[in-house]
Amino acid sequence: MKFTLSWLKDHLETEASLEEITEALTDLGLEVEEVSNPAEMLGAFHLAKVTSAEKHPDADKLKVCQVETAAGPTQIVCGAPNAREGITVVLAKPGTYVPGIDITIQVGKIRGVESHGMMCSEREMELSEEHDGIIELPSGEVGQSFADWLAENDPAKIDPVIEIAITPNRPDALGVQGIARDLAARGLGTLKSRDVAPIQGSFPCPVSVSIDDDTLEQAPVFYGRLIRGVKNGPSPAWLQAALSAIGLRPISFLVDVTNFFTYDRARPLHVFDADKIHGGLRVHRAAGGESLTGLDEKDYTFTPGMTLISDDEGVESIAGVMGGLRTGCTDETVNVFVEAAYFDPIRTAETGRALKINSDARYRFERGIDPAWTPIGLDHATQMILDHAGGEASEVVIAGAVPDTDRAYRLDTDRVQSLVGMEIPAETQRATLSALGFRLEGDMAHVPSWRPDILGEADLVEEVARLASLTKLEGKPLPRPQSGVTRPVATPMQRREGAARRHLAALGYNECVTYSFVDEAAASHFGGGDAPRRLENPISRDLTHMRPSLLPGLLSAAARNQARGFHDLALFEVGPAFLGGEPEEQEIQATGLLVGGTGPRDPHGSRRPVDVFDAKADMEAVLAAIGAPAKTMILRDLPGWYHPGRAGRVGLGPKKTIAIFGELHPRTLEAFDVKGPAVAFTVLPAQVPFPRKTGATRPALQLHDLQSVERDFAFVVDADVPAADVAAAAAGADKALISEVTIFDAFSGEKAEAQMGAGKKSVAFAVRLQPTDKTLTEKEIEAVSEKIVAKVTKATGGALRS
């Protein structure tokens, strides 16, 4: 939203400086984005007087001028046709930057004659497009600042332009009057009354208007009147200057009137050339397929439901968005129909977005203009047209009714303290709301029609605090509910997540934070992609489903890194995965991904491809960090994205899974364009049981004073028997004495089958026996060994290798 300082002062009687106004605007929530002050740009230019002008000795169109300046006489070569003796000019001395031509003036020679400066035209100083000659001033003293001269004689040319950012909840600030109202309520001046008396028409309006019954929600009210006998043409200089200053191109007076009120009162209007309207105007919903050439000379085709304004020949305007070219006003217009209506914000926004039209009218209608000012705005526009273009106004035609926006909320003056923490007297609060246009009846505050954002008692408090200035809010620490050291606020699960995250980082993994959404193909690959997990309104067509696992995001990150030359990767993420569409079907996972080699290449050959045991070691480290039991079982029923023979599911039982690890399936790597090898693991912190004792005390350390005994065993078993099953069977032979079973060799393949038979392998393990009350005898050791052989043989069908 742009406006000039003089435009603001048309509504605000104030002595405040530009700096005070801009600071107050930002403090009020109308953030100042830019201030363009021409006076600052023109500060280096001064007045001078030409004392003589002689023809250049070597150029017919140049003149050598002697110029009187504040520093004394100087010589300037000038090519302007009006350079002559006796005129007062604007001088740019050497070292002065000239914005219109984007150069800094230097002393130079022009056709062999030295020139010490430049006499400027209006275009060179960005005051106008005039460049037929240099500026001739009717008055002024040599050495006087040109900015000061303009301030005294032509202040509009150095009028500062202020640009503010408007939040969507403040449509009233899209008009200069609304901004002035806020500043007046802050105390920076007095709001001026610029109302006009209602204008009585002298003849019936020949153009009828109607609104279809099914369109009243989209267009509740439509006011209009005809003004005949107008003389259209260029706008007055003040109106052209005001519009040009904020970046609008003056077109013709009738069109400029609508643009003026759009910015002056946040009231979009539209003018039709009445002689081009056939029959009456009808506001209706589009049936679909209608078309219109807009004022921007582009063709638009409408879809069902859009709000249109049509006459007997077809569509003439897109309601609240843009008018049509055929009925637009030109210099030949003598009879004009002025429209002031109210259109639904949501429908206007949808129409503008669908047609890709960004107009000042749409910008205001979709945020919500003041519906009560609809007939008043028509009177204001009518009066301006009559004053400057002449003519005779008809009676007003009305269709529909102005929407009722009357609402009131209780003003509890004590809530400012509880909600904001500021102490503001009750009288001040009531005076603030009154200054903003609220009507107070006892404790009830009636909201003005131009403030659609006020929807509750808390909004009243916000207005009071905003006007009082939130910069006065003093920070105060919250009182402690209890003395001493505060208790931790993190839940046990949050602490467990933090432990997993820290331990993965300590292992050398880089943390990733990816979207919780993936595309349908990726979701389907990891067991998702179903309807319950589909997003109704995805932010992108590549992010349409809730992720069933963290691996899709990590694999995508790995592919992006590999595409940029980083092939050895260790990535992890801790976050939610979604097993269904309900809130309770979400679980926290800690997933790690290793790709490439274990380290950089070196002369010692220590680098090797990552394998399943790297993933298993890191997974076990994370499980230990979050307090998982040491004794677990590894199962082979795995999801399809893991390699079936090089992965495992870690559980506390057949149905209690706490982690999965292994090498990723080649099809998975191909689907995500990742070049292997790649291994991964996923830990499920919520599935790990919490300890029954929550205290910090550790149990006493148990040390044994008796020598432990180790015995090695080797069994021949079927090739499909997991080594873990062999170890588990051995450990269960005597739970009192057997403290540890460690597999140290697995002999399989063609050589093993050649020695032990087809489909066979050898598994060797060490068993540690730890006595507690006496040293074991050889007989007792042999007895335990026999139990181990019997247990393994029964559990696996194997035989002790001879």
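Reader: Is Asp102 buried or exposed?

Author: This is a predicted model, and the answer is computed from it. Asp102 sits in the loop between β8 (97-98) and β9 (103-104). The cut-off for exposed is over 50% relative accessible area. Because its relative accessibility is 54%, Asp102 counts as exposed.

Reader: What is the phi of Asp102?

Author: Most residues other than glycine have a negative phi. Asp102 is a residue other than glycine with a positive value. The phi of Asp102 is near 55°.

Reader: Where does Lys356 lie, and what is its relative accessibility?

Author: Lys356 also has a positive phi, near 60°. Its place is in the loop between α8 (345-355) and α9 (360-365). Lys356 counts as exposed, since its relative accessibility is 74%.

Reader: Is the peptide bond from Gly676 to Pro677 cis or trans?

Author: Most peptide bonds are trans. Pro677 is in the loop between α18 (666-671) and β38 (678-683). For the bond from Gly676 to Pro677, omega is near 5°, and the bond is cis.

Reader: Which helix gives the most to the negative patch?

Author: The surface patch of negative charge gathers Glu19, Glu20, Glu23 and Glu40. One of these, Glu23, is in helix α2, and Glu23 is exposed because its relative accessible area is 58%. The element that gives the most, with 3 residues, is helix α2 (residues 18-27).

Reader: Which residues gather in the patch of positive charge, and how exposed is Lys791?

Author: On the surface, Lys631, Lys735, Lys791 and Lys794 gather in a patch of positive charge. Among them, Lys791 has its place in helix α21 (residues 778-796). Partly exposed covers the range between 20% and 50%, so Lys791 is partly exposed, with a relative accessible area of 40%.

Reader: How many salt bridges does the structure hold?

Author: Side chains of opposite charge can pair when their charged atoms come close. In one such pair, the side chains of Lys157 and Asp154 meet at 3.6 Å, N to O. The number of salt bridges in the structure is 40.

Reader: Are Lys157 and Asp154 buried or partly exposed?

Author: Buried would need a value under 20%. Lys157 has a relative accessibility of 27% and therefore counts as partly exposed. With a relative accessible area of 25%, Asp154 is partly exposed.

Reader: How many residues apart are Asp311 and Arg326?

Author: The side chains of Asp311 and Arg326 form a salt bridge of 3.0 Å, N to O. This pair links distant parts of the chain: Asp311 is in strand β21 (residues 307-311), while Arg326 is in the loop between β23 (322-323) and β24 (335-342). Their separation is 15 residues.

Reader: Which residue of that pair is buried?

Author: Arg326 is partly exposed, because its relative accessible area is 35%. The value for Asp311 is 8% relative accessibility, and buried means under 20%. The buried residue is therefore Asp311.

Reader: What is the N to O distance in the salt bridge of Arg439 and Glu441?

Author: Arg439 counts as partly exposed at 42% relative accessibility. Glu441 counts as partly exposed at 45%. Their side chains meet in a salt bridge with an N to O distance of 2.4 Å.

Reader: Which residues do salt bridges that share partners join into one network?

Author: A salt bridge pairs a Lys or Arg nitrogen with a carboxyl oxygen of Asp or Glu. Where salt bridges share partners, they join residues into one network. Its residues are Arg170, Asp172, Asp182, Arg451, Asp453, Glu463 and Arg466.

Reader: How far apart do the C-alpha centres of domain 1 and domain 6 lie?

Author: The domain assignment gives domain 1 as 2-37 + 160-191 and domain 6 as 709-800. Domain 2 in that assignment is 40-158. The C-alpha centres of domain 1 and domain 6 are separated by 87 Å.

Reader: What separates the C-alpha atoms of Gly797 and Val416?

Author: Gly797 lies in the loop between α21 and β42 (799-800). Gly797 counts as exposed because its relative accessibility is 57%. Gly797 and Val416 are 381 residues apart along the chain, and their C-alpha atoms are separated by 80 Å.

Key. Residues numbered from 1 in each chain as written. Predicted model: local features only at pLDDT ≥ 70, side-chain atom pairs only at ≥ 80, totals over all residues. Heavy atoms only, no water. Helix = DSSP H or I, 4+ residues; strand = E, 2+ residues; numbered from the N terminus. Buried < 20%, exposed > 50% of the residue type's maximum accessible area, 1.4 Å probe, protein only. Patch = residues over 30% accessible without salt bridge, like charges linked within 9 Å, V, L, I, M, F, W, Y side chains within 5 Å. Areas by Shrake-Rupley, 256 points an atom, 1.4 Å probe, with all protein chains shown as cover. Salt bridge = Lys/Arg side-chain N within 4 Å of Asp/Glu carboxyl O. Lys, Arg positive; Asp, Glu negative; His and termini not counted. Charge placed at Lys NZ, Arg CZ, Asp CG, Glu CD. Domains from an automatic or database assignment.
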